[in-house]
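I opened this model to see how the chain is put together. My notes follow in the order I looked things up.

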Amino acid sequence: MASHSIASLSLARVNMAPPDVAAALGLAEETPVWRLEKLRLIEGQPLLYSLEYLPLALLPPDHPVFDWSGSLMALMQGLGLAPVMSRA
């Protein structure tokens, strides 16, 4: 079985959602969001780069520490925040 890992992981607050992100999330452009960036590896080789944005209101600044290296969809569902759409 191939080994999977995360090479880099970044979670940052963005004070103003970029226009395209705000439009996709149905937010005003000045709305703050979380920016989650991951590089997934398989057998030490890059497999997938992902950049995801979440409305700040879903995970306020005082949220507990989460394991962001796993599935974002599973994490959201575990919080009772079942996403209704994902777009690649």
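**Charged pair**

I began with R35, which counts as partly exposed at 25% relative accessibility. This is a predicted model, so I read every value below as computed from it. What does R35 form a salt bridge with? I found that R35 pairs with E37, and the closest N and O atoms are 3.2 Å apart. The cut-off for a salt bridge is 4 Å between such atoms, so this pair qualifies. I looked up E37 next: E37 is partly exposed too, since its relative accessibility is 22% and the buried class ends at 20%. Side chains of opposite charge can pair when their charged atoms come close. How many salt bridges does a search of the whole structure find? I ran through the whole structure and the search gives one.

**Overall layout**

I then stepped back to the full chain. I counted two helices and three strands. Along the sequence I read the pattern β-α-β-β-α. The chain has 88 residues, and buried residues make up 22% of them. I also checked how far apart in sequence the contacting residues lie. Of the contacts in the chain with a separation of 6 or more, 43% are between residues 24 or more positions apart.

**The sheet**

In which order do the three strands lie? I noted β1-β2-β3, an open sheet with antiparallel pairing. Strands β1 (4-14) and β3 (45-55) are at the edges; each has a single partner strand, so one side of each lacks a neighbour in the sheet. From one strand to the next, the twist averages 15 degrees. I followed β2 (residues 33-42) against β3 and found 10 bridges in the antiparallel sense. Strands of a sheet pair through backbone hydrogen bonds, either parallel or antiparallel. The hairpin of β2 and β3 has two residues between the strands. There I noted that E43 takes a positive phi near 55 degrees.

**K38 and S50**

I picked K38, which sits in strand β2. Is K38 buried or exposed? K38 is buried, yet I found no salt bridge for it. The nearest side chain of opposite charge is E52, 4.4 Å away. A salt bridge must be within 4 Å, which is why K38 and E52 do not count as one. Leaving out residues up to four places away in sequence, K38 touches a long list of residues, including I6, S8, L9, L48, Y49, W68 and L72.

The bridge partner of K38 in β3 is S50. I looked up S50 as well: S50 is buried, with a relative accessible area of 14%. Beyond four places in sequence, S50 touches L36, E37 and K38.

**S5 in the edge strand**

I moved on to S5, which lies in strand β1. S5 counts as partly exposed, at 37% relative accessibility. Setting aside neighbours within four places in sequence, I found S5 in contact with L39, R40 and L41. How far apart are the C-alpha atoms of S5 and S69? I read 8.0 Å, although S5 and S69 are 64 residues apart along the chain.

**Nonpolar cores**

Which residues make up the largest nonpolar core? I listed 10 residues in all: W34, L36, L54, L56, L59, F66, W68, L72, L75 and M76. Strand β2 and helix α2 (72-78) each supply at least two residues of this core. The largest share of the core, three residues, comes from α2. Apart from this core I found another, of five residues; V14, V21, A22 and V33 are among them. In soluble globular proteins, nonpolar side chains tend to be buried together.

I closed with one member of the largest core, L75. L75 is in helix α2. L75 is buried, with a relative accessible area of 18%. Not counting residues up to four places away in sequence, L75 touches F66 and W68. I note that F66 and W68 are also listed in the largest nonpolar core.

How values were computed
Residues numbered from 1 in each chain as written. Predicted model: local features only at pLDDT ≥ 70, side-chain atom pairs only at ≥ 80, totals over all residues. Heavy atoms only, no water. Pairing = 2+ DSSP bridges. Helix = DSSP H or I, 4+ residues; strand = E, 2+ residues; numbered from the N terminus. Axes fitted to C-alpha atoms, helices over the stretch in contact; angles between N-to-C directions. Buried < 20%, exposed > 50% of the residue type's maximum accessible area, 1.4 Å probe, protein only. Lys, Arg positive; Asp, Glu negative; His and termini not counted. Contact = heavy atoms within 4.5 Å. Core = buried A, V, L, I, M, F, W, Y, C linked by side-chain atoms within 4.5 Å.
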